[in-house]
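Q: Got a minute to walk through this model with me? I'd like to go over its surface, its hollows and its charged pairs.

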Amino acid sequence: VLLDTTQDYYSLEMPTYRDLVDEIARGSTNVVAPILAVAGPEAMFALCDTLDRSDRLYLTVPLLEHDEFISQGILRLQIVDWLVELDPEGPKPKGANRIRPVRSRYEVLCRYVRTFLDASLNGDRSAFEAHTLEYHSTQLGDDHLHAEVVPTGVRDPDPYHDGEKTPPTPRQYRRIVASHSIEETCGILRKHMGDEPRSPIYSSSMLTGSLIYELAAQGKLEEARGLYLCMEGLQADILDLFRFLADLAAKRQRPEEALPLLKVANQLAPGDVDFAERLRALEPR
């Protein structure tokens, strides 16, 4: 059971997770047990897709923030709620008034994890299969849990066909970027930009940002720029993502991770002085 593993939001090329991806790849043939991977709706599950000797179930859960997939985050929100009760007229801490909807969603998640374990360890599949069918029927991007079933031997999502009434899922989005021209990709994306409920592919800088990085890392710089320009509403967030990941690499004293991120960011936004200066400081002289 994987609960909001942050790599699930990124492509396999991102340097931030290179060590993890390489380690999993070396031992991937040993992974044969069923996997339940849980994350937010924008997850692409690229690494889990490579573990095709296992049956996998991808469950996406709206509303929950990273720490709220485990009891630590729920306890924090409960403490925040108590502080507000003690001083209702005082400043509201971050997370105020979230405990009830978040705890309700967390309890639904816990019950589903238990049905998965009952099915996998005890052979009692009735409740698990009933809930999986229920969640599989929901639309990704609305306010409900959504389940994707990926059987052994399968790595790719169901193909996305032009003319479908809903936008691609994050997994389909990644596959489209890899297999279509940038003009075709942007044509598909533009058709559903105004749809409600809003798909996570239009709001996640992690998703589009890592796909842009993947294109650039493969030498497809014009395609990377094209996708960046296509997702106009995400451009500032995508640059902030590269800035954040470069900062994280610097804190970990890993300039070899920061350098390629800054190179891509500088190519996307050549007028950004901060990226240019940081890149010059890291590049060999």
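**Surface, hollows and charge pairs**

A: Sure. Val1, Leu3, Ile70, Leu117 and Leu121 make a nonpolar surface patch of about 420 Å². Keep in mind that this is a predicted model.

Q: Where does leucine 121 sit, in terms of helices?

A: Leucine 121 is in helix H4, which covers residues 99–122.

Q: And is leucine 121 buried or exposed?

A: Exposed: leucine 121 has a relative accessible area of 67%, and the cut-off for exposed is over 50%.

Q: OK, pockets. What volume does the largest pocket have?

A: About 490 Å³ for the largest pocket.

Q: Which residues lie nearest the centre of that largest pocket?

A: His146, Glu148, Asp158, Thr169 and Gln172 lie nearest its centre, out of 22 residues that line the largest pocket.

Q: Which element gives the largest share of that lining?

A: Strand E4 does, with 4 residues. E4 (146–150) and helix H6 (170–179) each supply at least two residues of the lining.

Q: How do the lining residues of the largest pocket divide by class?

A: Into 9 nonpolar, 8 polar and 5 charged.

Q: Now the closed spaces. How many cavities of 30 Å³ or more does the structure hold?

A: There are 2 of them. The largest cavity has about 50 Å³ of space, and the second largest has a volume of about 30 Å³.

Q: What lines the largest cavity?

A: Met44, Ala46, Asp49, Arg155, Pro157, Arg171, Arg174 and Arg175. By class that lining has 5 charged residues, 3 nonpolar and no polar. Helix H6 provides the largest share, 3 residues.

Q: And the second largest cavity, what lines that?

A: Its lining is made of Pro41, Ala43, Phe45, Thr60, Leu140, Glu148, Pro170 and Arg171. Here the classes come to 5 nonpolar, 1 polar and 2 charged.

Q: Arg174 caught my eye. What does arginine 174 form a salt bridge with?

A: Glutamate 214, with the closest N and O atoms 3.7 Å apart. That pair links distant parts of the chain, since glutamate 214 is in helix H8 (residues 205–217) and arginine 174 is in helix H6, 40 residues apart.

Q: Are those two buried or exposed?

A: Glutamate 214 is buried, at 10% relative accessible area. Arginine 174 counts as buried too, at 17%, because the cut-off for buried is under 20%.

Q: How many salt bridges turn up in the whole structure?

A: A search finds 21. One of these pairs is aspartate 81 with arginine 100, at 3.7 Å, N to O. Aspartate 81 is in helix H3 (residues 71–86) and arginine 100 in helix H4, 19 residues apart. Aspartate 81 is buried at 9%, whereas arginine 100 is exposed at 56%.

Q: What about aspartate 162 and lysine 191?

A: Their side chains meet in a salt bridge too, at 2.5 Å, N to O. Aspartate 162 is in the loop between E4 and H6, and lysine 191 is in helix H7 (residues 182–191), 29 residues apart. Aspartate 162 is exposed at 56%, and lysine 191 counts as partly exposed at 49%.

Q: Which residues are linked in a network of salt bridges?

A: Asp240, Arg243, Asp247, Asp272, Asp274 and Arg278.

Q: Last one: where is valine 38, and is it buried or exposed?

A: Valine 38 lies in strand E2 (residues 35–39), and it's buried, with a relative accessible area of 0%.

Key: Residues numbered from 1 in each chain as written. Predicted model: local features only at pLDDT ≥ 70, side-chain atom pairs only at ≥ 80, totals over all residues. Heavy atoms only, no water. Patch = residues over 30% accessible without salt bridge, like charges linked within 9 Å, V, L, I, M, F, W, Y side chains within 5 Å. Areas by Shrake-Rupley, 256 points an atom, 1.4 Å probe, with all protein chains shown as cover. Salt bridge = Lys/Arg side-chain N within 4 Å of Asp/Glu carboxyl O. Buried < 20%, exposed > 50% of the residue type's maximum accessible area, 1.4 Å probe, protein only. 1 Å grid on protein atoms, 1.4 Å probe; cavity = no way out; pocket = protein on both sides within 12 Å on 5 of 7 lines; lining within 4 Å. Points joined across faces, edges and corners; volume = space filled by probe spheres on them. Nonpolar A, V, L, I, M, F, W, Y, C, P; charged D, E, K, R; others polar.
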